[in-house]
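Let's take a walk through some strands and sheets together. Keep the viewer open and follow along as each element comes up.

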Amino acid sequence: MCSIWLYMLQRLTKVSKPSQFLISIALVILSAAGCYLMSGYVDYKVVAFILLLTVSLIAIVFDIIPVLVAASLSALIWNFFFIEPKFTFHVGTAEDGFLFLMYFVIALINAVLTNRVRKIEKQVREKEEKEKMVRLYNTLLNSLSHELKTPIATIVGATDNLLSGSSKLSEENKLELVENISVASLRLNQQVENLLSMSRLESGFIQPKKDWTDINELVYDVVHRLEQQLKNHPLHINIDEKLPFYKLDYGLVEQVLYNLLYNAAIYTPEYGEIFLTAKNNTDKVYRMDTSSAEHSVLKKESNTLVIIIEDRGPGFPLSEIEKVFDKFYRLDNTKTGGTGLGLSIVKGFTEAHNGSVTLENVPHGARFTIEIPAETSYINNLNNE
Amino acid sequence: MNNAAILIIDDEAQIRRLLEITLESNSFKVESAETAKDGLRIAANHPPDLIILDLGLPDENGHSVLKKLREWYTKPIIILSVQSSEEDIVKALYNGANDYLVKPFRTGELLARIRSALRSAANEENNPLVDAGDLQIDLAARTVKKKNEIVKLTATEYKLISLLAQHEGKVLTHQYLLREIWGPGYINQSQYLRVFIAQLRKKVETDANRPEHILTESGVGYRFIAKE
């Protein structure tokens, strides 16, 4: 309930300047008119309070100048229509004169004070947001510096060792150091790639270059690139034989599948099975044919590519499921080697195709479902030329 | 083929040194240039057998250096660049690059690409037989044999595999393949290409899902590999 009020207040504060003037003036005139109709029953002093209430309400949502206008207008209206003698700006008694003056001052103070409170509120909100950003930025820097500096430390340490020319190093040790350097540099490169993808996403620079894509080809291409990581995970691929070609950005969708399969392979126990399913969902929209009552006509058919990747691992803690697609999010106690960018890149690249990605826990594992609406072509199911 | 002279045009001293060491230890003759200006001068004075060109040079855009070289230089040019966008790769291939490697690259991969480019440059005129281990493509007899048995191909499938095999080791872009096989009007009809690549793989590859000869270059095109 409270949040609905807050929401409405926020909406109202965003009303444009000219409309604020119009709405304030209209509200004052409306409540004055209401009071005027009731003037037989309501004392003119009560009218003053009703008008003050109106001005105060306006002050809660609108800017200072429209509020001041409303305050002055209401004072004048009160004077003109309600204080004896009516229909003049003349004030009959000294007491009424004093009342009018007080009304005017209270209305103004009300307007100015409310405005000041709102300003302070805004400052506090901004400060809180800034602090939140700083905290996020710190987590980001910590995670990044760790993920970038670990491989760099490996490289520096290993090269120092090799360069020192220490004769104690056996050929075997030397080889191991060189292998460490190689692994660390590849890891560093992967992190940089992720950061570049992320900054492309952040800059809003991602424009999918869509072209006809054979999902079969794409899936096996990714699997091939991940051969090393997948070697201890039985992978079951189930691609619908009648799957059409889709018009999508090969590179981006490739990256989406790569990141999901990579995670499934790295963060689940060895020999845990992984299931990859690709199928088509068709949504048909029918329109009733007016010429014949019995037939509806196919108005629009839209196709969605659905790719499901399921693993046999620990799954995700229920409380964390919503957060996994956030930038720099990592589960506690996870293996090193990630910046926490992989899944947010998955989300970003999928959404660049107007698609969606969802995560759910299933018995014995986690399931990611990618849905990408796309143009299709069934030319691949035609016979040879 | 060994002892071939290679010219490196790259402004990064460390990369130049790495390439020199790698190539010299594989018995290539190496010369290197730091700027586009030097590179173009050396290429003109002592035309090498192959040029390795970096696209990010300080004094001139690599694409324009490539175009200048291609006005007269007909031997292989391999691009080495940190730019990994598909547009960049397609553009360089369109401007006459034989191959494109993105930094960081594996030296094994670079050597394989260099050898393959030199081999196809040497083969250009003669040798109608492309030998890819279990797969033989006879461009003169217009036959394809897999494990010594003739593979039945449709006319389009044959056109596609012979085009790829003639440029063994080189990436052929989608646009190039579509134009050469179906004609200029089909440049955007990439779904035809996908169909025929899939069909061809079923016929010539041992496992169509793990192709060893017809390889996908993500978002760019296809490459025919002979070895294995």
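**Strands and sheets of chain B**

Strand E3 of chain B (residues 50-54) runs parallel to E4(B), and four bridges join the two. Please keep in mind that this is a predicted model. To find one contact of this pairing in the viewer, look for B:Asp54, whose bridge partner in E4(B) is B:Leu80. The route from one strand to the other involves a helix: E3(B), helix H3 (residues 62-70) of chain B and E4(B) make a right-handed β-α-β unit.

Now turn to the other partner of E4(B). Strand E5 of chain B (residues 99-102) pairs with E4(B) in the parallel sense, over four bridges. B:Leu80 appears again here, with B:Leu101 as its bridge partner in E5(B). A helix belongs to this step too, as E4(B), helix H4 (residues 86-94) of chain B and E5(B) make a right-handed β-α-β unit.

With E4(B) bridged to E3(B) and to E5(B), how many of its residues are buried? Strand E4 of chain B, residues 77-81, is mostly covered, with five of its five residues buried. In a regular strand, side chains alternate between the two faces of the sheet. On one side of E4(B) are B:Ile77, B:Ile79 and B:Ser81, on the other B:Ile78 and B:Leu80, and both faces are covered. For reference, a residue counts as buried if 20 or more other C-beta atoms lie within 10 Å of its own.

Further along the chain, the pairing is antiparallel in an open sheet of four strands, ordered E6-E7-E8-E9 (chain B). Strand E6 (129-132) and strand E9 (149-150) of chain B each have a single partner strand and stand at the edges, so one side of each is left without a neighbour in the sheet. E6(B) is joined by four bridges to strand E7 (residues 135-138) of chain B, and these two run antiparallel. A pair to pick out here is B:Leu129 with its bridge partner B:Asp138 in E7(B).

One more open sheet is worth a visit: three strands of chain B, in the order E10-E12-E11, with antiparallel pairing. Its edge strands are E10 (171-173) and E11 (214-217) of chain B, each pairing on one side only. On average, neighbouring strands of this sheet are turned by 30 degrees against each other, direction ignored. Four bridges connect E11(B) with the antiparallel strand E12 (residues 221-224) of chain B. Within this pairing, B:Leu215 stands opposite B:Arg223 in E12(B).

Notes:
Residues are numbered from 1 along each chain as its sequence is written. Chains are lettered from A and ligands numbered from 1 in the order in which they are written. This is a predicted model: local features need pLDDT of at least 70, side-chain atom pairs count only at pLDDT 80 or more; totals for chains, interfaces and linings use all residues. A residue is buried if 20 or more other C-beta atoms lie within 10 Å of its own, exposed if 12 or fewer, and partly exposed in between; C-beta atoms are placed from the backbone. Two strands pair if DSSP finds at least two bridges between them. A crossover is right-handed if, with the strands pointing away from the viewer, the path from the first strand over the helix to the second runs clockwise. Axes are lines fitted to C-alpha atoms, for helices over the stretch in contact, and angles run from 0 to 180 degrees between N-to-C directions.
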